[in-house]
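Biologist: Could you take me through one part of this model in detail? I'd like to start at its end and work inwards.

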Amino acid sequence: MTASASPLQDTAAPAAQAAPAAAQPANPAVGGAAMDATKTIVDNAGAAPNLSTLVSAVKAADLAATLSGPGPFTVFAPTNDAFSRLAPGTVDTLLKPENKATLVKVLTYHVVPGTITGAQLLAQIDAGGGKVVLKTVEGEPLTVTKEGQAVALIDVNGNKSYIEVPDVRQSNGVVHVVNGVVLPKLN
């Protein structure tokens, strides 16, 4: 994602001006698939072809029931391309039953309790002097900043991911599609 494009700012302001106060803007598509705001995070992710690795990981970690529950959750959902940028063999290793605890740790590091929209995230960044530190379900912090117009997630190891598709509303929260996998401390 280039620093000149801001999906958070591009979708928040125009929709608010064009639609009546009670109407929701159209839910963005993910990977070309329509996202139904009345369905759960797991149901919608399962419909998005570019989130199939994430869905496989959620199932392997036995987190599908949790992420289908009432929540609400904010999920920073890595795309298949994001997973492919990990070191060769990493995803296959994480999906092995003996590595389930590590997989759960990685996946829950992408989840924050509650619903945080793109506009709310930007407001928190501004109120925080350029960054906000979110506490993930995994327990470790995830730092969110703006880099020009882009919104970056910075994990505890210094790795960055950028929000590509913000504000995909779900019946049990919101998903922001990201272009990288953020990692907690694993040892």
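Biologist: Which residue follows helix 3, with a phi that is positive?

Modeller: Happy to! That residue is Asp 62, with a phi near 60°. The model is predicted, so local features need pLDDT of at least 70 and side-chain atom pairs count only at pLDDT 80 or more, while totals for chains, interfaces and linings use all residues. Residues are numbered from 1 along each chain as its sequence is written, and side-chain values use heavy atoms, leaving out hydrogens and water.

Helices here are DSSP runs of H or I with at least four residues, strands are E runs of at least two, and both are numbered from the N terminus. Within helix 3, the buried residues (under 20% relative accessible area with a 1.4 Å probe, protein chains only) are Thr 53, Leu 54, Val 55, Ala 57 and Val 58. As a rule, an α-helix has 3.6 residues a turn, so residues three or four places apart point the same way. The buried residues of helix 3 pack, by contact (heavy atoms within 4.5 Å), against helix 2, helix 4 (64–68), strand 1, helix 5, helix 6 and helix 7.

Now the wider setting. The largest nonpolar core (buried Ala, Val, Leu, Ile, Met, Phe, Trp, Tyr and Cys joined through side-chain atoms within 4.5 Å) has 31 residues; Val 30, Leu 51, Leu 67, Val 75, Leu 107 and Val 175 touch the most other members. Helix 3 gives the most to this core, with 4 residues. A second, separate core of 16 residues includes Val 112, Ile 116, Leu 142 and Leu 153.

Methods. Buried < 20%, exposed > 50% of the residue type's maximum accessible area, 1.4 Å probe, protein only.
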